[in-house]
Amino acid sequence: QVQLVESGGGLVQAGESLRLSCAASGSLYSTHNMGWYWQAPGKQREMVAVMPRSNRPTDADSVKGRFTISRDSAKMVYLQMNSLKPEDTGVYYCVAGPSSWTPRGRPPPYWGQGTQVTVSS
């Protein structure tokens, strides 16, 4: 129904940057919201940022600190990760959902397989 494929992860030194990309296939309805979750080793998955296709600001589109989410005209979503820290290490997942879905209270309906980000000191 919906497929999400992440790329751009890797191994970097602290202070460096990465740009994650996600390519989506599926209905426009199911990919209205797209964004990123992450999972640190031994931790629960958490939201990084989610953005609707309209790119209008909403609570679901919050982006913290050094990371910036963006979308283009295609079914692509990006996460620019600057000033990376070792504690950012983990698996980053592209996520998607319909307009009715918001991160608060529910997990995303659709998940990619994840891309590993490792930040060394």
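What is the mean pLDDT of the protein, and what share of its residues reach 70 or more? The mean is 88, and 90% of the residues get to 70 or more; pLDDT is the predictor's confidence in each residue, from 0 to 100. This is a predicted model, in which local features need pLDDT of at least 70 and side-chain atom pairs count only at pLDDT 80 or more, while totals for chains, interfaces and linings use all residues. Residues are numbered from 1 along each chain as its sequence is written, and side-chain values use heavy atoms, with hydrogens and water left out.

One stretch calls for some care. Over residues 57–63, pLDDT stays under 50, and the model has 18 contacts there beyond four places in sequence (contact means heavy atoms within 4.5 Å). Where pLDDT is low, the predicted coordinates should not be read in detail.

Now for the disulfide, meaning a pair of cysteine sulfur atoms within 2.5 Å. By that rule there is one, and it joins Cys22 to Cys94, with 1.9 Å from S to S. The pair ties together distant parts of the chain: Cys22 sits in strand β3 (residues 18–25) and Cys94 in strand β8 (residues 90–97), 72 residues apart. Strands here are DSSP runs (E, at least two residues), as helices are (H or I, at least four), numbered from the N terminus. The torsion about the S-S bond of Cys22 and Cys94 is about -80°, so the disulfide is left-handed. Both cysteines are buried, and buried means under 20% relative accessible area, with exposed over 50% and partly exposed in between (1.4 Å probe, protein chains only).

Stay with β3 for a moment, since Ser21 lies there too. At 15% relative accessibility, Ser21 counts as buried. Among the residues it touches, leaving out those up to four places away in sequence, are Val5, Trp36 and Tyr78.

Trp36 turns up again in the largest nonpolar core, which has 26 residues. Such a core is a set of buried Ala, Val, Leu, Ile, Met, Phe, Trp, Tyr and Cys residues joined through side-chain atoms within 4.5 Å. Leu4, Met34, Trp36, Val48, Leu79, Met81 and Tyr92 touch the most other members. At least two residues each come from β3, β4, β5, β6, β7, β8 and β10 (115–120), and β3 gives the most, with four.

Just past β3, in the loop between β3 and β4 (33–39), you'll find Ser30. At 2% relative accessibility, Ser30 is buried. Its side chain makes a polar contact of 2.9 Å with that of Ser27; a polar contact is a pair of N or O atoms within 3.5 Å, where within protein one must be able to donate a hydrogen and the other to accept it, and residues adjacent in sequence count only if both atoms are side-chain atoms.

Last, follow the chain to the loop between β7 (76–81) and β8, home of Asp88. Asp88 and Arg66 form a salt bridge at 2.7 Å, N to O, and the structure holds one such bridge (a side-chain nitrogen of Lys or Arg within 4 Å of a carboxyl oxygen of Asp or Glu). Arg66 is in the loop between β5 (46–52) and β6 (67–71), 22 residues apart from Asp88. Asp88 is buried at 6% relative accessible area, whereas Arg66 is partly exposed at 27%. Pro86 lies in the loop between β7 and β8 as well, and Pro86 is partly exposed at 31% relative accessibility.
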